[in-house]
Amino acid sequence: MNRRSMLKKTASAATVAALPTLGTSLEAAASPLLKLKGNIKHSVSRWCYGSIPLDEFAQACKTIGIESIELTGPSEWPTLAKYGLTSALGQADKWPDGTGLTSFFNNPKNHDKLVDLYEKLIPEAKAAGVTNLICFSGNRNGLDDYQGILNCQKVLKRIMPTAEKNGVTLTMELLSSRHSHPDYQCDTVQWGSALCETVGSERFKLLYDIFHMQSMHGDHIRNIQRYGQYISHYHTGGMPNRTEIDDRQEIYYPAIIKALVATGYKGYIGQEFVPTPKDKAGMLESLKQGVLICDV
């Protein structure tokens, strides 16, 4: 991924003037510094800010008005709880050997070990108040789309009773097979929605990553309106380089988020862009800007 130089004048003068500064301290404030509108809940992916210690990052997120640090696992959830945060999208601390983004539910060889993983992880999530857990299709590796759906359905049917009992949703990520994740099978909202229909449980849904779906097919507003019933979570990211979601990239996030709010969506928007500044203060300013852009 190409890194840009330190964030400078990344929005219009009016937008920049409206951004409050975090100041030099990252200590948690009694209430968020930003006066957010409350129409959408804000989250952020941990991996994009991995250079900032979790305790410090959690305190900074509180000052921005972010309620969740996602793509975190059970070992990290107690730290989030200490600061009144949750994980809008949880994950395992470690995936079973041989599994991951490229090899997951569509490979029958993984089924038993993934069932064992989620049978343990789902109750842990419930106990921590985490209601969504990420999952993946895996790469095609020559598998046609119909057989991929059947393979995923078979293992998901085994996990759904535990998910339904605990009120935890397994959320499969939509990823771009055109660029970022070549050969990944769950690469369009149509394929993912067909799998949701086949599984037939409210506890299996999709993560609609706007950055990845821009690469695949775009048409986000109509996709949200048509397929929103199958989507439990959304991610942001500036196109084409997954950096800030400001006016230097091609996706106009305010219109997309307004359309999402209009559908009655009550979940989170997860900021999942890689900030171009390398220093802590600059990274957090980028994150704050992303929150304000999506705070429609």
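## Pocket, strands and aromatic pairs in a predicted model

The largest pocket has a volume of about 440 Å³. Of the 22 residues that line this pocket, the closest to its centre are Trp47, His181, His212, Arg242 and Glu272. Sorted by class, the lining of the largest pocket comprises 10 nonpolar, 8 polar and 4 charged residues. The structure described here is a predicted model, and the values that follow are computed from its atoms.

### Strand 1 and its partners

Strand 1, which covers residues 41-45, has 4 of its 5 residues buried, so this strand is largely enclosed by the rest of the structure. Strand 1 pairs with strand 7 (residues 268-271) through 4 bridges, and the two strands run parallel; within this pairing, Ser43 has Gly270 of strand 7 as its bridge partner. Strand 1 is also joined to strand 2 (residues 68-70), again in the parallel sense, by 3 bridges, and here Val44 stands opposite Ile69 of strand 2. The connection between strands 1 and 2 involves helix 2 (residues 54-64), and the three elements together make a right-handed β-α-β unit.

### Strand 4 and its partners

Strand 4 spans residues 169-173, and 5 of its 5 residues are buried. The cover extends to both faces of strand 4, since Thr169, Thr171 and Glu173 are buried on one side, while Leu170 and Met172 are buried on the other. Which residue of strand 4 is the bridge partner of Cys135? That partner is Met172, and the bridge belongs to the pairing of strand 3 (residues 132-135) with strand 4, which is parallel and comprises 4 bridges. Met172 also stands opposite Leu206 in strand 5, where 4 bridges join strand 4 to strand 5 (residues 204-209), with the two strands running parallel.

Strand 4 takes part in two right-handed β-α-β units, one made with strand 3 and helix 5 (residues 145-166), and one made with helix 6 (residues 189-199) and strand 5. Helix 5 contains Gln147, a residue that is partly exposed, with a relative accessible area of 32%. Gln147 and Asn106 are 41 residues apart in sequence, whereas their C-alpha atoms are 8.2 Å apart in space.

### Aromatic pairs

A pair of aromatic rings is described by the distance of the centres and the angle of the planes. The structure holds 9 aromatic pairs, and two of them are set out in the table.

| Pair | Centre to centre | Angle between planes | Arrangement |
|---|---|---|---|
| Tyr49 and Phe57 | 5.0 Å | 15° | stacked |
| Trp95 and Phe104 | 5.4 Å | 90° | edge-to-face |

Why is the pair of Trp95 and Phe104 edge-to-face? The planes of these two rings stand at 90°, so the pair is edge-to-face, given that planes over 60 degrees apart are assigned to that arrangement. The angle of 15° between Tyr49 and Phe57 goes with a stacked arrangement, for which the planes have to be under 30 degrees apart.

Are the residues of these two pairs buried or exposed? Tyr49 is buried, with a relative accessible area of 0%, and Phe57 is likewise buried, at a relative accessible area of 0%; Trp95 and Phe104 are both buried too. Trp95 and Phe104 also belong to one aromatic cluster, which they form together with Phe105, Tyr118 and Phe136.

### Backbone geometry in the loops

Most residues other than glycine have a negative phi, and most peptide bonds are trans. Asn141, in the loop between strand 3 and helix 5, has a positive phi, near 50°. At 64% relative accessibility, Asn141 counts as exposed, because the threshold for that class is over 50%. Asp183, in the loop between strand 4 and helix 6, likewise has a positive phi, near 80°, but with 31% relative accessibility Asp183 counts as partly exposed.

The peptide bond that leads from Met239 to Pro240 is cis, and its omega is near 20°. Pro240 is located in the loop between strand 6 (231-235) and helix 9 (253-262).

Methods
Residues numbered from 1 in each chain as written. Predicted model: local features only at pLDDT ≥ 70, side-chain atom pairs only at ≥ 80, totals over all residues. Heavy atoms only, no water. Buried < 20%, exposed > 50% of the residue type's maximum accessible area, 1.4 Å probe, protein only. Pairing = 2+ DSSP bridges. Right-handed = clockwise from strand over helix to strand, strands pointing away. 1 Å grid on protein atoms, 1.4 Å probe; cavity = no way out; pocket = protein on both sides within 12 Å on 5 of 7 lines; lining within 4 Å. Points joined across faces, edges and corners; volume = space filled by probe spheres on them. Nonpolar A, V, L, I, M, F, W, Y, C, P; charged D, E, K, R; others polar. Phe/Tyr/Trp six-rings, centres within 6.5 Å; stacked < 30°, edge-to-face > 60°.
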